[in-house]
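Grab a pencil and let's work through a protein model together. Try each task yourself before you read its solution.

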Amino acid sequence: MRFEDVYAELGGVIKAAREAAGLTQDELAKLINLSRASIANIETGRQKVFLHQLYMLAHHLDVPVIDLLPKQSSFGSCLPSDLSDEQKFWAESVLASFAGPEQTMQSALNDSDLNTDEKEWAASILRSANG
């Protein structure tokens, strides 16, 4: 799964929560100071959500922020099939921690306690996940 797919999944969750709350796109947009078009684009994954907007969405949709986030297992399809369960768990955890550009992820890897081989492996996973 590419990170663009994560935003599409996030948007689908937001749309379902909005509908469950009985709000239209226009009503939700006014509550969080966005346009109706922005809400439509967020719900389809075409527009990324800033962190403060995610908190505002959760507040107005009356759901915990964590419930709006895609689950870690969403990243599983971008991982190589020959990984052990432990490696998959670790990689999914790393991928779930980052949603920024690769250089941000790479700099985080550089600051980690991983050895050189682990850093190279993680960087290759992150590159393939980024499409």
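Here are four short exercises on this predicted model, each with a worked solution.

**Exercise 1.** Work out which secondary structure the protein chain has.

*Solution.* Start by counting: you should get eight helices and zero strands. Then read from the N terminus on, and the order comes out as α-α-α-α-α-α-α-α.

**Exercise 2.** Find out what share of the protein chain is buried, and what its exposed surface is made of.

*Solution.* A residue counts as buried when its relative accessible area is under 20%. With that cut-off, 34% of the 131 residues are buried. Now turn to the outside: the chain exposes about 7,700 Å², and 52% of that comes from carbon and sulfur atoms.

**Exercise 3.** Look inside the largest nonpolar core and track down the members that touch the most other members.

*Solution.* First, the core has 17 residues. Next, the best-connected ones are Leu10, Ile14, Val49, Leu57, Leu61 and Leu68. Then ask which elements supply two or more residues: they are helices H1 (3–20), H2 (25–31), H3 (36–44), H4 (51–61) and H5 (65–68). Finally, zoom in on Leu10: leaving out residues up to four places away in sequence, Leu10 touches Val49, Leu54, Leu68, Leu69 and Pro70.

**Exercise 4.** Check the aromatic rings: how many aromatic pairs are there, and what lies over the face of tyrosine 7?

*Solution.* Rings pair if their centres lie within 6.5 Å, and by this rule you count zero aromatic pairs. Tyrosine 7 does have lysine 48 over its face, though, at 5.0 Å from the ring centre.

How values were computed:
Residues are numbered from 1 along each chain as its sequence is written. This is a predicted model: local features need pLDDT of at least 70, side-chain atom pairs count only at pLDDT 80 or more; totals for chains, interfaces and linings use all residues. Side-chain values use heavy atoms; hydrogens and water are left out. A nonpolar core is a set of buried Ala, Val, Leu, Ile, Met, Phe, Trp, Tyr and Cys residues joined through side-chain atoms within 4.5 Å. Buried means under 20% relative accessible area, exposed over 50%, partly exposed in between (1.4 Å probe, protein chains only). Helices (H or I, at least four residues) and strands (E, at least two) are DSSP runs, numbered from the N terminus. Contact means heavy atoms within 4.5 Å. Rings of Phe, Tyr and Trp (its six-membered ring) pair if their centres lie within 6.5 Å; planes under 30 degrees apart count as stacked, over 60 as edge-to-face and the rest as tilted. A charge sits over a ring if NZ of Lys or CZ of Arg is within 6 Å of the ring centre and within 35 degrees of the ring normal. Accessible areas come from the Shrake-Rupley method with a 1.4 Å probe; for residues, only the protein chains shown count as cover.
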